[in-house]
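I sat down today with a fresh model and a cup of coffee. Here are my notes on what I looked up.

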Amino acid sequence: MDRLVSAESNPKAPALRPVDAATLIIIDRKPKTPKVLMGKRHAGLKFMPGKFVFPGGRIEVGDRSMTVTGALHPRAEQALMARVTRPSTQRCRALALAAIRETFEETGLLLGTKEYGNPESVPDGTAWASFLERGVYPDLEALHFIGRAITPPKRVRRFDTRFFAVDRTAIAEEVDGIVSPEAELVELTWVTIDQAKALDLPPITTIILGELEARIAAGFGHHLPVPFFYQKRSRFVREEL
């Protein structure tokens with residue numbers, strides 16, 4: 001894992017505080033060999049151009065007030081509140097919703113349920129309006145919290161990223177035209193974990209794929225440990241939450 005320390009580092013970069021962010025891995029477990037959804041970033045982007053990634057990004061204000069159904073599993077919430085300053089259930093909820101919203105904005109996939117009609121309300125001027133228009137409630141109960149990683153110091157951008165996973169059956173609707181040659185993601189592809197590892201990936205994505213593979217083999221239960229990656233004394237370490 002030492003390659004995670006040197007990758008894309010800049011000794012002259014300022015000491016940035018990591019920004020809260022969330023990523024969502026969508027898994028299709030119907031095939032004998034499970035597949036995951038990967039997106040290819042536009043080659044013209046300054047951050048990770050041309051890399052294959054999972055959709056995700058930082059928390060936005062509207063994520064703190066969006067109406068939802070269901071709740072995060074207690075074990076997931078416990079792990080999300082570990083090793084953070086000022087832990088709160090609201091922060092956990094906002095992280096989970098950021099993963100769902102970013103997934104929609106980058107892929108056009110709305111994760112949730114249509115069983116309860118339209119959400120009661122949505123934050124003004126946000127992507128959550130599409131969930132209201134299509135009668136999709138974000139469903140936190142469907143999410144699994146499977147990993148956390150903090151970008152090492154001396155990077156141009158630093159994130160404290162929480163990795164969530166959800167089954168493909170949680171896709172309630174899809175909006176066409178979001179992925180295009182001029183968009184942030186220019187391609188979406190369903191691939192096995194082995195196939196995904198052969199793509200051009202950020203180093204941490206390769207590590208998380210290995211953790212995901214082990215988690216699926218162990219039954220994919222909420223009770224399983226959640227790995228936490230961060231840099232300590234110039235070495236990348238793995239702990240469990």
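My entries below go through one helix, its partner and a loop residue.

This is a predicted model, so I kept to its limits: local features need pLDDT of at least 70, side-chain atom pairs count only at pLDDT 80 or more, and totals for chains, interfaces and linings use all residues. Residues are numbered from 1 along each chain as its sequence is written, and side-chain values use heavy atoms, with hydrogens and water left out.

**Entry 1, burial in α2.** I looked up helix α2 (residues 74-81) and found R75, A76, A79 and L80 buried. (Buried is under 20% relative accessible area, exposed over 50%, partly exposed in between, with a 1.4 Å probe and protein chains only; helices are DSSP runs of H or I with at least four residues, strands of E with at least two, numbered from the N terminus.) These buried residues cover an arc of only 135° around the axis, which puts them on the same side of α2; the arc is that of the directions from the helix axis to the C-beta atoms. On the other side, P74 and Q78 are exposed.

**Entry 2, partners.** I saw the buried residues of α2 pack against α3 (89-107), β6 (144-150) and β7 (159-167), with contact meaning heavy atoms within 4.5 Å. From α2, E77, L80 and M81 meet T89, C92 and L95 of α3.

**Entry 3, after the helix.** I noted R83 following α2, with a positive phi near 55°.

**Entry 4, a loop.** I found A198 in the loop between α5 (193-197) and α6 (203-217). A198 is exposed, at a relative accessible area of 66%.
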